[in-house]
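Please work through the exercises below with the sequence and the structure at hand. Attempt each task before reading its solution.

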Amino acid sequence: MHRNIIEQLSRACLKTVRVRGIWRNKKTAETMPGGAIRINEKGISMRTSNKIILGGKAKSTIVGLSAILLASTAAPAFAQDAEESASAFTISGNAAVTSDYRFRGVAQSGGDVAIQGGIDIGHESGFYVGTWGSSINFAGGTELDIYGGWSGEIASGISADVGLLYYFYPDAGGVGGGATDFFEPYASVSATLGPVEATVGAAYSWGGQSALADEDNIYLYTDLSAGIPNTPLTLNAHLGYSDGDSFLSTLQGTDSNYVDWSLGVDYAISPNLTLGVAYTDTDDSPAQKDFTDSAFIFTLGVSF
């Protein structure tokens, strides 16, 4: 790396040079106190240096000495800038196989196994963009979510997350007149106390989107997770309420307002591999098999 810098700076003594570098850093896995929540991220960034303009009539000996001196003084600063630039961004990914993809208590894969995966790019400022996809049993067989937003600590032990999510079904074609995609802003607040984390949030889809029968929909929820100290286990609980037209009503013509809930446990097999088991149900009556009925869901996920 230093040799490359010296060669570039030597050429810069005779003409304007633009230097471009790419650096990658990898953060080691970390464990939340007393639980099985682990993350493993990769970072990547790109930086273009300022132009360096020097006199072109200098003698070759002076040019050589100047280049060496400039390289010896600039290299540490260049390396430091590279490290700072690299740490500003992180890239993380995930993949999973689940026995049934349930979205807010409603089966999206018809009781069949679903393959899922996603990738996020985040900045140290808290802004992020990402995408996540899953196999489903309607609208062409593929769901792709694209989102962006901001998350960060707003007080000691309290964090917020706000953003906009776009549900996209690339293989739907002309199904339903293309009325399968929709936007949904979301917001949540989380509080952490030791190994326990509680989250309350809301997601809203405005009227005029044909995928939701042109009516408003709001989804309110609360999540609770608690790591069991000195074990690889994390307990999870979820309670949600959907008010307005939703997948439950538009796909099956049933109640537009319903409650869903789940209880589960995650087991950290390794810092990157987790096995989850959850029991989920809704108050839809009568429950529809492989759609709103109760079920045990098994998920094997990996993060990187």
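The exercises that follow concern a predicted model.

**Exercise 1. The chain as a whole**

Task: State how many helices and strands the protein chain has, and describe its burial, contacts and accessible surface.

Solution.
Step 1. The secondary structure of the protein chain consists of 3 helices and 18 strands.
Step 2. The chain has 304 residues, and 35% of them are buried.
Step 3. Consider the contacts between residues at least 6 apart in sequence: 50% of these join residues at least 24 apart.
Step 4. The accessible surface of the chain is about 16,300 Å². Carbon and sulfur atoms account for 61% of that surface.

**Exercise 2. Three strands in succession**

Task: Determine how strand S16 is paired with strand S15 and with strand S17.

Solution.
Step 1. Locate the strands: S15 covers residues 233–244 and S16 covers residues 258–268, while S17 covers residues 273–282.
Step 2. S15 and S16 run antiparallel and are joined by 10 bridges. One bridge to find in the model is that of Thr234, whose partner in S16 is Asp266.
Step 3. S16 and S17 are also paired in the antiparallel sense, over 9 bridges. Here Leu263 has Tyr279 in S17 as its bridge partner.
Step 4. Follow the chain from S16 to S17: a hairpin of 4 residues makes the connection.

**Exercise 3. A nonpolar surface patch**

Task: Identify the residues of the nonpolar surface patch, and decide whether Tyr267 is buried, partly exposed or exposed.

Solution.
Step 1. The patch is made by Val97, Val113, Ile115, Tyr267, Ile269, Leu275 and Leu300. Its area is about 590 Å².
Step 2. Tyr267 belongs to strand S16, the strand treated in Exercise 2.
Step 3. The relative accessible area of Tyr267 is 39%, so this residue is classed as partly exposed.

**Exercise 4. A network of salt bridges**

Task: Find the salt bridges in which Arg102 takes part, and classify the residues concerned as buried or exposed.

Solution.
Step 1. Recall the general principle: side chains of opposite charge can pair when their charged atoms come close.
Step 2. The whole structure contains 3 salt bridges. In one of them, the side chains of Arg102 and Asp100 meet at 2.9 Å, N to O.
Step 3. In another, the side chain of Arg102 meets that of Asp293 at 3.2 Å, N to O. This pair links distant parts of the chain, since Arg102 lies in strand S6 (residues 102–103) and Asp293 in the loop between S17 and strand S18, 191 residues apart.
Step 4. Compare the accessibilities with the cut-off: a residue is buried if its relative accessible area is under 20%. Arg102 has 15% and therefore counts as buried. Asp100 has 5% and likewise counts as buried. Asp293 is buried too.
Step 5. Taken together, Asp100, Arg102 and Asp293 are linked in a network of salt bridges.

**Exercise 5. The surroundings of Glu184**

Task: Establish where Glu184 lies, whether Glu184 is buried or exposed, and which residue forms a salt bridge with Glu184.

Solution.
Step 1. Glu184 is located in strand S12, which covers residues 182–193.
Step 2. Its relative accessibility is 3%, and Glu184 therefore counts as buried.
Step 3. The salt-bridge partner is Arg104, with the closest N and O atoms 2.8 Å apart. The two residues are 80 apart in sequence, and Arg104 is in the loop between S6 and strand S7. Arg104 counts as buried because its relative accessibility is 18%.
Step 4. The side chain of Glu184 also makes a polar contact with the side chain of Ser205, at 3.4 Å.
Step 5. Leaving aside residues up to four places away in sequence, Glu184 touches several residues, including Gly163, Leu164, Tyr167 and Ala203.

**Exercise 6. A neighbour of Glu184**

Task: Describe the position of Leu164, its accessibility and its contacts.

Solution.
Step 1. Leu164 is part of strand S11, residues 158–168.
Step 2. With 39% relative accessibility, Leu164 counts as partly exposed.
Step 3. Beyond four places in sequence, Leu164 touches Ile146, Tyr147, Gly148, Phe183, Glu184, Pro185 and Tyr186.
Step 4. The C-alpha atoms of Leu164 and Trp150 are 9.7 Å apart, and the two residues are separated by 14 residues in sequence.

Technical notes
Residues numbered from 1 in each chain as written. Predicted model: local features only at pLDDT ≥ 70, side-chain atom pairs only at ≥ 80, totals over all residues. Heavy atoms only, no water. Pairing = 2+ DSSP bridges. Buried < 20%, exposed > 50% of the residue type's maximum accessible area, 1.4 Å probe, protein only. Polar contact = N/O pair within 3.5 Å; in protein donor to acceptor, adjacent residues only side chain to side chain. Contact = heavy atoms within 4.5 Å. Patch = residues over 30% accessible without salt bridge, like charges linked within 9 Å, V, L, I, M, F, W, Y side chains within 5 Å. Areas by Shrake-Rupley, 256 points an atom, 1.4 Å probe, with all protein chains shown as cover. Salt bridge = Lys/Arg side-chain N within 4 Å of Asp/Glu carboxyl O.
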